[in-house]
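Student: I have a structure open and would like to check how its labels are earned. Could we go through some of them together?

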Amino acid sequence: MHLLSGDRFYGRRKRAYETTAASARRAGTDMRAAAVCLACLLLLAAALPAAAAGEDDAGRYVVHWFNGDGAEVYFDGEYEGAIAETELTVAADPAAPPAREYTVWRGERLLYTGFITKTPAAGETVHLFPQRYQVEQPAPGAGVNETGWYLIYRSDGEEVSIDDTFVGVVEGGTLRVAVNTTLPSPEEFVCRNKERGTMSRHQLPPLPPPGGTVHVYTSVQPAPYASSLPVETSPTPLPGFGAAAAAAGLLIAASYLGKR
(Lines give C-alpha, C1' and ligand atoms only; values in the text may rest on other atoms or scores of the structure.)
Protein backbone atom coordinates (compact mmCIF):
# COMPACT_ATOMS: atom_id res chain seq x y z
CA MET A 1 0.00 0.00 0.00
CA HIS A 2 1.30 3.40 -1.04
CA LEU A 3 1.25 5.89 1.83
CA LEU A 4 1.47 9.68 1.51
CA SER A 5 3.92 11.57 3.57
CA GLY A 6 2.49 13.93 6.18
CA ASP A 7 3.36 17.10 4.21
CA ARG A 8 1.82 15.82 0.98
CA PHE A 9 -1.33 14.66 2.80
CA TYR A 10 -1.90 17.96 4.54
CA GLY A 11 -1.09 19.86 1.33
CA ARG A 12 -3.80 18.04 -0.57
CA ARG A 13 -6.32 18.70 2.22
CA LYS A 14 -5.40 22.38 2.20
CA ARG A 15 -5.88 22.66 -1.56
CA ALA A 16 -9.20 20.83 -1.36
CA TYR A 17 -10.37 23.18 1.41
CA GLU A 18 -9.30 26.24 -0.58
CA THR A 19 -11.11 24.96 -3.69
CA THR A 20 -14.30 24.33 -1.69
CA ALA A 21 -14.12 27.77 -0.07
CA ALA A 22 -13.58 29.46 -3.41
CA SER A 23 -16.56 27.64 -4.87
CA ALA A 24 -18.69 28.68 -1.93
CA ARG A 25 -17.63 32.32 -2.34
CA ARG A 26 -18.46 32.22 -6.04
CA ALA A 27 -21.84 30.65 -5.30
CA GLY A 28 -22.57 33.29 -2.66
CA THR A 29 -21.56 36.10 -5.03
CA ASP A 30 -23.71 34.63 -7.80
CA MET A 31 -26.67 34.42 -5.43
CA ARG A 32 -26.20 38.07 -4.40
CA ALA A 33 -26.04 39.14 -8.04
CA ALA A 34 -29.21 37.18 -8.77
CA ALA A 35 -30.91 38.83 -5.80
CA VAL A 36 -29.87 42.26 -7.10
CA CYS A 37 -31.35 41.39 -10.51
CA LEU A 38 -34.60 40.26 -8.93
CA ALA A 39 -34.89 43.41 -6.79
CA CYS A 40 -34.21 45.63 -9.79
CA LEU A 41 -36.81 43.83 -11.87
CA LEU A 42 -39.40 44.28 -9.13
CA LEU A 43 -38.54 47.99 -8.85
CA LEU A 44 -38.90 48.46 -12.59
CA ALA A 45 -42.20 46.57 -12.61
CA ALA A 46 -43.56 48.96 -9.98
CA ALA A 47 -42.18 52.16 -11.51
CA LEU A 48 -43.00 51.78 -15.19
CA PRO A 49 -46.82 51.21 -14.97
CA ALA A 50 -47.16 54.18 -12.60
CA ALA A 51 -45.19 56.32 -15.00
CA ALA A 52 -47.33 55.23 -17.93
CA ALA A 53 -50.46 56.10 -15.97
CA GLY A 54 -49.02 59.51 -15.05
CA GLU A 55 -48.34 60.36 -18.70
CA ASP A 56 -52.02 59.84 -19.59
CA ASP A 57 -53.46 61.47 -16.45
CA ALA A 58 -53.89 65.24 -16.76
CA GLY A 59 -55.34 65.52 -13.23
CA ARG A 60 -58.89 65.92 -12.00
CA TYR A 61 -61.27 67.88 -9.80
CA VAL A 62 -63.65 66.19 -7.37
CA VAL A 63 -66.74 68.30 -6.62
CA HIS A 64 -68.29 67.34 -3.27
CA TRP A 65 -71.96 68.09 -2.66
CA PHE A 66 -73.94 66.96 0.39
CA ASN A 67 -77.38 68.41 -0.40
CA GLY A 68 -78.67 65.52 -2.47
CA ASP A 69 -77.64 63.67 -5.62
CA GLY A 70 -78.71 64.73 -9.09
CA ALA A 71 -77.58 68.35 -8.87
CA GLU A 72 -75.94 69.53 -12.09
CA VAL A 73 -72.40 70.92 -12.12
CA TYR A 74 -70.98 73.50 -14.54
CA PHE A 75 -67.38 74.69 -14.87
CA ASP A 76 -67.27 78.24 -16.27
CA GLY A 77 -70.72 77.68 -17.78
CA GLU A 78 -69.89 74.29 -19.35
CA TYR A 79 -71.94 71.31 -18.18
CA GLU A 80 -69.74 68.61 -16.59
CA GLY A 81 -72.22 66.12 -15.13
CA ALA A 82 -74.50 65.40 -12.18
CA ILE A 83 -73.67 64.66 -8.57
CA ALA A 84 -73.82 60.94 -7.71
CA GLU A 85 -73.12 59.60 -4.22
CA THR A 86 -72.22 63.12 -3.02
CA GLU A 87 -69.53 63.83 -5.63
CA LEU A 88 -68.60 64.33 -9.26
CA THR A 89 -65.16 63.80 -10.81
CA VAL A 90 -64.21 66.22 -13.57
CA ALA A 91 -61.10 65.58 -15.67
CA ALA A 92 -58.83 68.58 -16.14
CA ASP A 93 -58.23 69.72 -19.71
CA PRO A 94 -54.60 70.85 -20.07
CA ALA A 95 -55.38 72.47 -23.42
CA ALA A 96 -58.13 74.71 -22.00
CA PRO A 97 -57.69 77.84 -19.83
CA PRO A 98 -57.76 77.08 -16.08
CA ALA A 99 -61.29 76.88 -14.69
CA ARG A 100 -62.23 79.91 -12.58
CA GLU A 101 -65.54 78.89 -10.98
CA TYR A 102 -68.07 76.11 -10.77
CA THR A 103 -71.80 76.28 -10.18
CA VAL A 104 -74.29 73.75 -8.85
CA TRP A 105 -77.86 73.83 -10.17
CA ARG A 106 -81.06 71.94 -9.58
CA GLY A 107 -83.24 72.58 -12.58
CA GLU A 108 -83.37 76.34 -13.10
CA ARG A 109 -82.36 77.15 -9.54
CA LEU A 110 -78.75 78.12 -8.79
CA LEU A 111 -77.72 76.40 -5.56
CA TYR A 112 -74.06 77.23 -5.21
CA THR A 113 -71.13 79.08 -6.77
CA GLY A 114 -67.63 77.95 -5.88
CA PHE A 115 -64.34 79.51 -6.91
CA ILE A 116 -61.42 77.43 -8.14
CA THR A 117 -58.04 78.66 -6.96
CA LYS A 118 -55.88 75.69 -7.95
CA THR A 119 -55.38 73.78 -11.20
CA PRO A 120 -54.41 70.12 -10.79
CA ALA A 121 -51.02 69.03 -12.08
CA ALA A 122 -50.59 65.76 -13.97
CA GLY A 123 -51.85 62.92 -11.78
CA GLU A 124 -53.12 65.30 -9.07
CA THR A 125 -56.61 65.51 -7.55
CA VAL A 126 -58.08 68.83 -6.35
CA HIS A 127 -61.08 68.51 -4.00
CA LEU A 128 -63.77 71.21 -4.05
CA PHE A 129 -65.96 71.42 -0.94
CA PRO A 130 -68.97 73.68 -0.35
CA GLN A 131 -68.50 76.48 2.17
CA ARG A 132 -70.90 78.62 4.21
CA TYR A 133 -69.84 81.62 2.17
CA GLN A 134 -67.44 82.38 -0.68
CA VAL A 135 -65.64 85.64 -1.48
CA GLU A 136 -65.49 86.58 -5.16
CA GLN A 137 -62.85 89.13 -5.99
CA PRO A 138 -63.57 91.74 -8.70
CA ALA A 139 -62.64 90.72 -12.23
CA PRO A 140 -59.20 91.90 -13.37
CA GLY A 141 -59.44 95.35 -14.94
CA ALA A 142 -62.96 96.00 -13.66
CA GLY A 143 -63.79 99.47 -12.37
CA VAL A 144 -63.84 99.38 -8.57
CA ASN A 145 -65.39 101.85 -6.14
CA GLU A 146 -66.67 101.56 -2.58
CA THR A 147 -69.61 99.33 -3.62
CA GLY A 148 -69.63 95.59 -3.02
CA TRP A 149 -72.37 92.97 -3.02
CA TYR A 150 -73.88 90.18 -1.00
CA LEU A 151 -75.39 87.43 -3.13
CA ILE A 152 -77.85 85.59 -0.88
CA TYR A 153 -78.96 82.07 -1.90
CA ARG A 154 -82.49 81.29 -0.71
CA SER A 155 -85.82 79.92 -1.93
CA ASP A 156 -87.77 81.89 -4.52
CA GLY A 157 -90.34 84.33 -3.17
CA GLU A 158 -88.69 84.93 0.18
CA GLU A 159 -88.46 88.52 1.35
CA VAL A 160 -85.08 89.54 2.75
CA SER A 161 -84.26 92.28 5.24
CA ILE A 162 -80.79 93.29 6.42
CA ASP A 163 -80.67 94.87 9.89
CA ASP A 164 -84.44 95.54 9.72
CA THR A 165 -84.20 97.16 6.25
CA PHE A 166 -86.08 95.45 3.42
CA VAL A 167 -83.67 94.75 0.52
CA GLY A 168 -85.62 92.61 -1.95
CA VAL A 169 -87.26 89.31 -2.93
CA VAL A 170 -85.39 86.15 -3.94
CA GLU A 171 -85.77 85.18 -7.62
CA GLY A 172 -84.06 82.28 -9.34
CA GLY A 173 -82.57 81.17 -6.06
CA THR A 174 -80.58 84.35 -5.35
CA LEU A 175 -80.87 87.98 -4.28
CA ARG A 176 -78.04 90.46 -4.96
CA VAL A 177 -77.72 93.29 -2.45
CA ALA A 178 -75.36 96.26 -2.91
CA VAL A 179 -73.54 97.52 0.19
CA ASN A 180 -71.14 100.36 0.92
CA THR A 181 -67.84 98.75 1.90
CA THR A 182 -66.67 101.87 3.77
CA LEU A 183 -69.52 101.65 6.32
CA PRO A 184 -69.71 99.30 9.31
CA SER A 185 -70.58 95.73 8.41
CA PRO A 186 -74.27 94.74 8.79
CA GLU A 187 -74.92 92.08 11.40
CA GLU A 188 -77.76 89.87 10.20
CA PHE A 189 -80.43 89.23 7.58
CA VAL A 190 -83.93 87.87 7.97
CA CYS A 191 -85.83 85.78 5.39
CA ARG A 192 -89.63 85.62 5.42
CA ASN A 193 -91.92 83.41 3.38
CA LYS A 194 -95.43 84.80 3.68
CA GLU A 195 -97.10 81.90 1.90
CA ARG A 196 -95.60 79.35 4.27
CA GLY A 197 -95.61 81.64 7.28
CA THR A 198 -91.94 80.96 8.00
CA MET A 199 -89.08 83.20 9.08
CA SER A 200 -85.37 82.53 9.55
CA ARG A 201 -82.62 84.74 10.94
CA HIS A 202 -78.97 84.48 9.83
CA GLN A 203 -75.68 86.17 10.60
CA LEU A 204 -73.99 87.98 7.73
CA PRO A 205 -70.32 87.27 6.93
CA PRO A 206 -67.81 90.15 6.73
CA LEU A 207 -68.20 92.86 4.09
CA PRO A 208 -67.14 92.08 0.52
CA PRO A 209 -64.01 93.70 -0.89
CA PRO A 210 -64.63 96.85 -2.96
CA GLY A 211 -66.06 95.68 -6.27
CA GLY A 212 -66.32 92.10 -5.01
CA THR A 213 -69.15 89.79 -4.00
CA VAL A 214 -69.72 87.61 -0.95
CA HIS A 215 -71.86 84.57 -1.80
CA VAL A 216 -73.93 83.68 1.26
CA TYR A 217 -75.45 80.20 1.77
CA THR A 218 -77.81 79.23 4.54
CA SER A 219 -78.83 75.73 3.51
CA VAL A 220 -75.65 74.33 1.93
CA GLN A 221 -74.29 71.38 3.86
CA PRO A 222 -70.49 71.42 4.31
CA ALA A 223 -68.54 68.20 4.85
CA PRO A 224 -70.56 66.16 7.41
CA TYR A 225 -67.50 65.46 9.56
CA ALA A 226 -63.79 66.14 9.45
CA SER A 227 -62.77 62.54 8.71
CA SER A 228 -64.72 62.68 5.45
CA LEU A 229 -62.22 65.16 4.01
CA PRO A 230 -59.97 63.20 1.64
CA VAL A 231 -56.25 63.72 1.56
CA GLU A 232 -54.98 65.76 -1.37
CA THR A 233 -53.58 63.38 -3.97
CA SER A 234 -50.08 64.14 -5.23
CA PRO A 235 -49.06 63.80 -8.87
CA THR A 236 -47.92 60.36 -10.02
CA PRO A 237 -44.11 60.36 -10.14
CA LEU A 238 -42.41 59.69 -13.44
CA PRO A 239 -39.69 57.01 -13.72
CA GLY A 240 -36.86 59.14 -12.40
CA PHE A 241 -34.16 58.09 -9.97
CA GLY A 242 -35.82 54.82 -8.89
CA ALA A 243 -36.17 53.42 -12.40
CA ALA A 244 -32.71 54.67 -13.39
CA ALA A 245 -31.14 53.01 -10.35
CA ALA A 246 -32.96 49.78 -11.13
CA ALA A 247 -31.71 49.81 -14.71
CA ALA A 248 -28.15 50.52 -13.57
CA GLY A 249 -28.33 47.68 -11.08
CA LEU A 250 -29.50 45.30 -13.76
CA LEU A 251 -26.62 46.29 -16.06
CA ILE A 252 -24.01 45.85 -13.34
CA ALA A 253 -25.39 42.47 -12.27
CA ALA A 254 -25.67 41.27 -15.87
CA SER A 255 -22.09 42.39 -16.58
CA TYR A 256 -20.78 40.54 -13.58
CA LEU A 257 -22.68 37.36 -14.40
CA GLY A 258 -21.42 37.55 -17.98
CA LYS A 259 -17.82 37.61 -16.77
CA ARG A 260 -18.49 34.53 -14.68
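Tutor: Gladly; below we set values against their definitions, keeping in mind that this is a predicted model.

Student: Let's begin with Thr-113, in strand 6 (residues 109–115). Why is Thr-113 called buried?

Tutor: Buried means under 20% relative accessible area. Thr-113 has 5% relative accessibility, so Thr-113 counts as buried.

Student: What makes the pair of side chains of Thr-113 and Tyr-153 a polar contact?

Tutor: The cut-off for a pair of N or O atoms is within 3.5 Å, and one must be able to donate a hydrogen and the other to accept it. The two side chains come to 2.8 Å, and the pair is listed as a polar contact. Thr-113 also touches other residues distant in sequence by more than four places, including Gln-134, His-215 and Tyr-217.

Student: And Glu-188, at strand 13 (residues 188–193): why does Glu-188 count as partly exposed?

Tutor: Partly exposed lies between the 20% limit for buried and the 50% limit for exposed. Glu-188 has 26% relative accessibility, so partly exposed is the label. The side chain of Glu-188 makes a polar contact with the side chain of Arg-201 at 2.7 Å. Glu-188 touches His-202 as well; these two are 14 residues apart in sequence and 5.5 Å apart in space, C-alpha to C-alpha.

Student: The structure holds 7 aromatic pairs. Why is the pair of Tyr-112 and Tyr-217 called tilted?

Tutor: Ring centres must lie within 6.5 Å to pair, and planes under 30 degrees apart would be stacked, over 60 edge-to-face. Here the values are 4.4 Å centre to centre and 35 degrees between the planes, which gives a tilted pair. Tyr-112 lies in strand 6 and Tyr-217 in strand 15 (residues 213–217), so the pair ties together parts 105 residues apart in sequence. Both Tyr-112 and Tyr-217 are buried, and they belong to a cluster linked by ring pairs, with Trp-65 and Phe-75 among its other members.

Student: Now the open sheet in the order 8-15-9-12. What makes strand 8 (133–136) and strand 12 (174–180) edge strands?

Tutor: Each has a single partner strand, so one side of each is left without a neighbour in the sheet. The twist from one strand to the next averages 20 degrees.

Student: How do you know that strand 9 (residues 147–153) pairs with strand 15?

Tutor: Pairing requires at least two bridges. These strands run parallel and are joined by 5 bridges, so the requirement is met. As an example, Leu-151 has His-215 in strand 15 as its bridge partner.

Note on methods. Residues numbered from 1 in each chain as written. Predicted model: local features only at pLDDT ≥ 70, side-chain atom pairs only at ≥ 80, totals over all residues. Heavy atoms only, no water. Helix = DSSP H or I, 4+ residues; strand = E, 2+ residues; numbered from the N terminus. Buried < 20%, exposed > 50% of the residue type's maximum accessible area, 1.4 Å probe, protein only. Contact = heavy atoms within 4.5 Å. Phe/Tyr/Trp six-rings, centres within 6.5 Å; stacked < 30°, edge-to-face > 60°. Axes fitted to C-alpha atoms, helices over the stretch in contact; angles between N-to-C directions.
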